[in-house]
Amino acid sequence: QFNMGRALQMMGRLDMAVIWYQKVLNEEGATTNGNGYLREEAAFNLHLIALLMGETSLASHYLSMIEI
């Protein structure tokens, strides 16, 4: 699901990428990719998409989901 979201984001289909990234956020448990959590990467990419759309409060919401 993350890979589908990433591919769509790279193709400029941000509307569809959001759907796939949100599926990652809604998954049970922590899905890892070997270098970290895909859930956190999906939240960060959703943050970037929200910034591009001018949705700063939504961007902050997604950014708050990332554990540092």
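What pattern does the protein chain follow, read along the sequence? The answer is α-α-α-α. That is four helices and zero strands. One caution before the details: this is a predicted model.

Some totals for the chain. There are 68 residues, and buried ones make up 29% of them. The exposed area is about 4500 Å². Carbon and sulfur atoms supply 56% of that area. Now take the contacts with a separation of 6 or more. Of these, 37% come from residues 24 or more positions apart.

Let's start with the aromatics. How many aromatic pairs does a search of the whole structure find? It finds one. The partners are F2 and Y21, and the pair is tilted. Centre to centre, the rings are 5.6 Å apart, with 45° between the planes. Why tilted? Tilted covers whatever is neither under 30 degrees nor over 60, so 45° qualifies. The pair links distant parts of the chain. F2 is in helix α1, Y21 is in helix α2, and they are 19 residues apart. Buried or exposed, for Y21? Y21 is buried, at 0% relative accessibility. F2 is buried as well, at 11%. Both count as buried because the cut-off is under 20%.

Stay with helices α1 and α2. Helix α1 spans residues 2-10, and Q9 is found there. Q9 has a relative accessible area of 15%, so Q9 is buried. What does Q9 contact, leaving aside neighbours within four places in sequence? The list is L14, A17, Y21, N45 and I49. Note Y21 there, the aromatic partner of F2.

Next, W20. This residue sits in helix α2, which covers residues 14-26. Its relative accessibility is 21%. The buried class ends at 20%, so W20 counts as partly exposed. Which residues does W20 contact, with neighbours within four places left aside? Q1, M4, G5 and L8. Look at G5 in particular. W20 and G5 are 15 residues apart along the chain. Their C-alpha atoms are separated by 4.8 Å. W20 also has a charge over its ring. K23 lies over the face of W20, 4.1 Å from the ring centre.

On to charge pairs. Side chains of opposite charge can pair when their charged atoms come close. How many salt bridges does the count come to? One. D15 forms the salt bridge with R13. The closest N and O atoms are 3.3 Å apart. That meets the rule, because the limit is 4 Å. And how accessible are the partners? D15 is partly exposed, at 46% relative accessibility. R13 is partly exposed too, at 39%.

Now helix α3, residues 38-52. I'll take two residues from this helix: L46 and F44.

L46 first. At 2% relative accessibility, L46 counts as buried. What does L46 touch, not counting residues up to four places away in sequence? V18, Y21, Q22, L25 and Y62. So Y21 comes up again: Y21 is on the contact list of L46 and on that of Q9. For scale, take L46 and L14. These two are 32 residues apart in sequence. In space they are 9.2 Å apart, C-alpha to C-alpha.

F44 next. Its relative accessibility is 36%, so F44 counts as partly exposed. F44 belongs to a nonpolar patch on the surface. Which residues form the patch? F44, L48, L51 and L63. Together they have about 310 Å² of accessible area. Which helix gives the most to the patch? Helix α3, with three residues. Why can F44 be in the patch at all? Patch residues need over 30% relative accessible area, and F44 has 36%.

Last stop, the segment after α4. Helix α4 runs over 56-64, and E67 lies in the segment after it. Buried or exposed, for E67? E67 counts as exposed, at 64% relative accessibility. The cut-off for exposed is over 50%, so E67 passes. E67 and E40 are 27 residues apart in sequence. C-alpha to C-alpha, the two are 7.5 Å apart in space.

To recap. The fold pattern is α-α-α-α. There is one aromatic pair and one salt bridge. Helix α3 gives the most to the nonpolar patch.

Terms used:
Residues numbered from 1 in each chain as written. Predicted model: local features only at pLDDT ≥ 70, side-chain atom pairs only at ≥ 80, totals over all residues. Heavy atoms only, no water. Buried < 20%, exposed > 50% of the residue type's maximum accessible area, 1.4 Å probe, protein only. Contact = heavy atoms within 4.5 Å. Areas by Shrake-Rupley, 256 points an atom, 1.4 Å probe, with all protein chains shown as cover. Patch = residues over 30% accessible without salt bridge, like charges linked within 9 Å, V, L, I, M, F, W, Y side chains within 5 Å. Salt bridge = Lys/Arg side-chain N within 4 Å of Asp/Glu carboxyl O. Phe/Tyr/Trp six-rings, centres within 6.5 Å; stacked < 30°, edge-to-face > 60°. Lys NZ or Arg CZ within 6 Å of the ring centre and 35° of its normal.
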